[in-house]
Amino acid sequence: MTKPSLPDLLHAAISAVGGTERPGQVAMAEAVAEAIDDNSHRLIQAGTGTGKSLGYLVPALAHGERVVVATATLALQRQLVERDLPRTVEALHPQLRRRPQFAMLKGRSNYLCLHRLHEGAPQDEEEGLFDQFEAATPTSKLGKDLLRLRDWADETETGDRDDLTPGVSDKAWSQISVSSRECLGASKCAYGAECFAEAARERAKLADVVVTNHALLAIDAIEGAPVLPHHEVLIVDEAHELVSRVTGVATGELTPGQVNRAVKRAAKLVDEKTADSLQTASESFERVMELALPGRLEEVPEDLGYALMALRDAARNVISAIGATRDKSVQDEDAVRKQALAAVESVHGVAERITNGSEYDVVWYERHDRFGATLRVAPLSVSGLLREKLFEDRSVVLTSATLKLGGDFNGVAASLGLSAEGVEGEDVPLWKGLDVGSPFDYPKQGILYVAKHLATPGREGTRGDMMDELAELIEAAGGRTLGLFSSMRGAKAAAEELRGRIENPILLQGEETLGELIKMFAADPATCLFGTLSLWQGVDVPGPSCQLVVMDRIPFPRPDDPLMSARQKSVEEHGGNGFMAVAATHAALLMAQGAGRLVRATGDRGVVAVLDPRLATARYGSFLKATLPDFWYTTDRNQARRSLAAIDATAKADGA
């Protein structure tokens, strides 16, 4: 039987979803197929509207061997598993003569744990009753959530938190879930045969395509114990997010509260002397943390160093002792032991990592008004880790609408541990970059307006001229505005001031769930939506409700961000331009994502307004502009207002 051709398969898949074939999608599918066949690596930038999901799913399904697809957002995971994969599998079946299987796999804590549901979560004594279902009153929010979870447990097929609608609070979910460290293991657990997490793993082992998230991919790479089934091809979608997700997984933290919980959980399972030693170390650590001031610790202070060494040693002794002690008064001893071990091992691991010290780690204090101080440690860079763990023994395709920063792929490639394109070296994976463009006509569909006449934004303080400009732009646009702010303080200040100045309703992130806010924003064209980080990347509102995207300033990282400033300093010490490699690259990525909110469909029209003159005047402005869609460019405020008014008039004439 002749092998079906890729163009035929792609055509069948596109027809099944009612789409239209696009040159960029075809080019992408061919590049993915080539990478799979050659066992090579690709970075593929595919603009919004390209249809990149099909661009990689069709060659992946045609390949026949197992493929893992890792995404950053829950929305894309659901889209792949609930919509794109079922349709594509059915469409390709007549030509492939088989129906490839697919499955979703997440970390263990995303699945309901039947053992914890039925036996109750082992609790610390002062937290009240052993069984949280009894402790929470049925009328409280927690009580209602827990009762609903108990009912849901009887009907769910997956036990996946994301299949529960509406969702529940993190506190409620923590009562019926376990981390991988706390899990008893299927062979020791009375509910092992029915376990949702184990069932998800089994489905993944049998699947041709496994859909997962960046965090689980990072855990699989970092922790050395394979979580994902063996695969020859890895496709990373939303790849611009990968470095920050891997950094998050590789970051450790210690708080006095966390150490205290570990002490209480271990107390019943070890002798008094061992427990007292951990208690004493915990109290010393708490005293040090009470005086902690936020900021990077280039060297670990002496008092903190002693406290951490005491914690490390006491935790190590507890870990050894837990295995040898049995307390007959403890109910469900295996679960209690496992939870205590997990808590103490976590404390030991972070204390040891900071005590050992590494030039490749950054250590800092954070202080929160409500929760007090936290001690954090994160890798200075994850590029070496990614180069070693991600690109060995498999073909890797990384794709996103934003991979070319400043006009080329090399910045993103460097963050992934890759050399410049085409450069060979020992242990350096070779890769090729491809920009398949976008189906949108950006110069005709959008305008990039930079408010060159405004004052350069300072670090603090209100910007009266910026507020005036923002109010004028919103009024010209008739609402229809997504306001992207570099800080929550800025978003709140703008919302508070403009609510008293303009008639258009203003929604503010945090006042409702993000999903609800986006729904309300899309439903009423006169409405504006203001917010910070998650809005820069998480809003997909095609049509007349979003015709003005405003960025209050270039979103450089805060100068006092310990990790970013450490990374910048490291680049400079190695002879590079730290500002361009770290701060400007960070800003470029966010600005490209933010500007991408404007044009989501071929009929969309609008303006991206940047209320920061540095985009037009600073030397790095050209680097940032080269990363943005190729909109028609102007610094003429009257032109921007006239264009917005014309777009508003057209939308109103069309009934929007």
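Residues are termed buried when their relative accessible area is under 20%, and exposed when it is over 50%. By this criterion, the buried residues of helix H27 in the predicted model are Ala640, Ser643, Leu644, Ile647, Asp648 and Ala651. These residues cover an arc of only 135° around the axis, and they therefore fall on the same side of H27. The other side of the helix carries Arg642, Lys652 and Ala653, which are exposed. Cover for the buried residues of H27 comes from elements including strand E12 (446-450), helix H19 (464-477), strand E16 (548-551) and strand E17 (606-610).

Helix H27 spans residues 637-653 and comprises 17 residues. The distance from its first C-alpha to its last is 24 Å, close to the 24 Å expected at 1.5 Å a residue. At the N-terminal end, H27 is capped by Asp636, a side-chain oxygen of which lies 2.9 Å from the backbone nitrogen of Asn638. After the helix comes Gly655, which has a positive phi, near 90°.

The nonpolar interior was examined next. The largest nonpolar core contains 92 residues, and within this core Leu43 and Leu416 touch the most other members. Helix H24 (residues 578-595) makes the greatest contribution, giving seven residues to the core. A further core of 38 residues lies apart from the largest one and includes Leu57, Leu76, Val81 and Leu92.

The surroundings of Leu43 were then considered. When neighbours within four places in sequence are set aside, Leu43 is in contact with Leu398, Leu403, Phe409, Val412, Ala413, Leu416, Leu418, Trp431, Lys432, Gly433 and Leu434. Among these contacts, Leu398 is also the bridge partner of Leu43 in strand E10.

Leu43 belongs to strand E1, in which His41, Leu43 and Gln45 point one way and Arg42 and Ile44 the other, all of them being buried. Strand E1 is thus mostly covered, with five of its five residues buried. In a regular strand the side chains alternate between the two faces of the sheet. Strand E1 (residues 41-45) pairs with E10 in the parallel sense over four bridges. Parallel pairing also joins E1 to strand E11 (residues 431-435), over five bridges. In this second pairing, Ile44 has Leu434 of E11 as its bridge partner.

Strand E10 (residues 395-400) is likewise mostly covered, six of its six residues being buried. Ser395, Val397 and Thr399 point one way from E10, whereas Val396, Leu398 and Ser400 point the other way, and all are buried. In addition to its pairing with E1, strand E10 pairs in the parallel sense with strand E5 (residues 233-236), again over four bridges. Within the pairing of E5 and E10, Val233 stands opposite Ser395.

Antiparallel pairing is found in an open sheet of four strands, arranged in the order E6-E9-E8-E7. Strand E6 (252-254) and strand E7 (295-296) occupy the edges and have a single partner strand each, so one side of each is left without a neighbour in the sheet. Strand E8 (residues 361-368) and strand E9 (residues 372-379) pair in the antiparallel sense over eight bridges. These two strands form a hairpin, with three residues between them. The register of the hairpin is given by two bridges, one joining Val363 to its partner Val377 in E9 and another joining Asp361 to Pro379 in E9. The edge strand E7 pairs with E8 in the antiparallel sense over two bridges, and Gly295 stands opposite Tyr365 in E8.

Note on methods: Residues numbered from 1 in each chain as written. Predicted model: local features only at pLDDT ≥ 70, side-chain atom pairs only at ≥ 80, totals over all residues. Heavy atoms only, no water. Core = buried A, V, L, I, M, F, W, Y, C linked by side-chain atoms within 4.5 Å. Buried < 20%, exposed > 50% of the residue type's maximum accessible area, 1.4 Å probe, protein only. Contact = heavy atoms within 4.5 Å. Pairing = 2+ DSSP bridges. Expected span 1.5 Å × (residues − 1). Arc of directions from axis to C-beta. Polar contact = N/O pair within 3.5 Å; in protein donor to acceptor, adjacent residues only side chain to side chain.
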